[in-house]
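Got the viewer open? Here's a short tour of what to select next and what you'll find there.

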Amino acid sequence: MVFEWPMNVAHCAICGDDNVRRISKKGQFNEEVNVVLCKNDGFVYLSPRWDEAGYKKYYSQKYSSIFPQFDNQEDLIEEPYERVVSRINPHLKNTPSNALSIGAGKGCVLRLLKRKFENIDCSAIEPSEECRKYLSENFGYSILADDIGSNWDDGIEDVFDIIVLRHVLEHLLDPIDSLNKVRNSLNDSGIAYIAVPDMMYPKGSLKRYFFRAPHVSYFSKSTLSYFLNKACLEIIEIKEQDGELWCIVKPGNEDKTKTIPADNASIQLNMIRKYKKSQRISEFKSFIARLIGRE
Ligand SMILES: [Zn+2]
């Protein structure tokens with residue numbers, strides 16, 4: 001199924017300019033995925049791209065058919081979710097009394113937290129209707145909202161001990177807005193876990209796997225740190241690990257002296273060039289395989 005919607009130029013979320021170098025025109029599933037790199041600061045993002053209405057339509061029409069958000073393997077809790085809890089755990093000063101998972105899916109992280117902290121009160125924000133139903137009917141978790149971009153933080157300022165945002169931020173058209181909401185709804189001793197794919201250490205073919213229409217931002221340690229600081233989230237721990245960039249943050253204040261390193265654009269561009277070069281042989285093999293119909 002081809003999804004069609006007009007695309008518009010998006011300005012860099014860091015500097016506001018449209019001073020870009022094109023990195024790719026195609027992404028996973030051979031979709032039109034216009035990846036650009038901002039020459040000012042090295043932020044990698046999609047432009048032109050769909051607007052909010054376009055993405056809403058894409059998620060409701062196509063995304064759920066490609067990536068089913070709900071399956072019947074009810075009790076399967078995979079290793080990546082256990083990793084989230086083990087990364088959060090050393091930073092907890094007290095027994096947490098509540099947790100919010102944004103883009104909760106089937107609640108794997110929340111269920112693991114509940115196993116560890118029996119009395120923890122769990123809340124979720126989740127776009128998939130099936131998942132929302134599953135979370136509230138089977139586990140009694142509170143559903144705060146279906147739309148991550150909505151004003152779900154109204155009236156719940158300074159509430160949460162733990163907020164989890166695992167592989168969600170790269171999907172959002174306005175990452176600072178969502179991070180601001182995370183900051184507002186964390187209590188003073190609360191922490192948030194944020195994980196995204198790492199643009200400095202990508203995995204697989206850029207054109208056929210890593211770049212994707214639903215991923216509008218491609219963060220690196222320096223660009224993610226910039227957004228966190230803007231949203232007044234202070235980094236306690238940040239790691240580049242196995243193609244993933246993850247961090248633990250707490251409420252803080254913006255450090256106005258912090259800027260993106262001046263050579264960030266050239267570092268990111270050189271890395272992409274080098275990576276593309278290293279992928280040439282496997283890209284060629286896969287091209288031949290597709291040509292003779294073996295892939
Ligand atoms: Zn920029």
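Select strand S1 (20-26) and strand S2 (residues 32-38): the two pair in the antiparallel sense over 5 bridges. Strands here are DSSP runs of type E with at least two residues, helices are runs of H or I with at least four, and both are numbered from the N terminus; two strands pair if DSSP finds at least two bridges between them. For one bridge, click Val20, whose partner in S2 is Cys38. A word on the source: this is a predicted model, where local features need pLDDT of at least 70, side-chain atom pairs count only at pLDDT 80 or more, and totals for chains, interfaces and linings use all residues. Residues are numbered from 1 along each chain as its sequence is written.

Now add the rest of the sheet. The order is S1-S2-S3-S9, an open sheet of 4 strands with antiparallel pairing. S1 and strand S9 (217-218) are the edges; each has a single partner strand, so one side of each has no neighbour in the sheet.

Next, bring up helix H8 (residues 264-278), which lies across S1, S2 and strand S3 (44-46) and runs at about 140° to S2. Angles run from 0 to 180 degrees between N-to-C directions, with axes fitted to C-alpha atoms, for helices over the stretch in contact.

Go to Asp41, in the loop between S2 and S3. Is Asp41 buried or exposed? Asp41 is buried, with 22 other C-beta atoms within 10 Å (20 or more is buried, 12 or fewer exposed, in between partly exposed, with C-beta atoms placed from the backbone). Not counting residues up to four places away in sequence, Asp41 touches Cys12, Ile14, Cys15, Ile260, Asn264 and Ala265; contact means C-beta atoms, placed from the backbone, within 7 Å. Try a distance too: the C-alpha atoms of Asp41 and Ser222 are 9.5 Å apart, with their places 181 residues apart along the chain.

Then colour the largest nonpolar core, with 71 residues (buried Ala, Val, Leu, Ile, Met, Phe, Trp, Tyr and Cys joined through C-beta atoms within 7 Å). Tyr45, Ile163, Leu165, Ala192 and Ile194 touch the most other members. Strand S8 (residues 186-197) gives the most to this core, with 7 residues. Around Tyr45, beyond four places in sequence, look for contacts including Ala10, Val36 and Tyr218.

Last stop: helix H5 (residues 175-185) and helix H7 (residues 221-230), whose axes come within 9 Å and cross at roughly 55°. Pro175, Ile176 and Leu179 of H5 meet Phe227, Leu228 and Lys230 of H7.

Conventions:
Contact = placed C-beta atoms within 7 Å.
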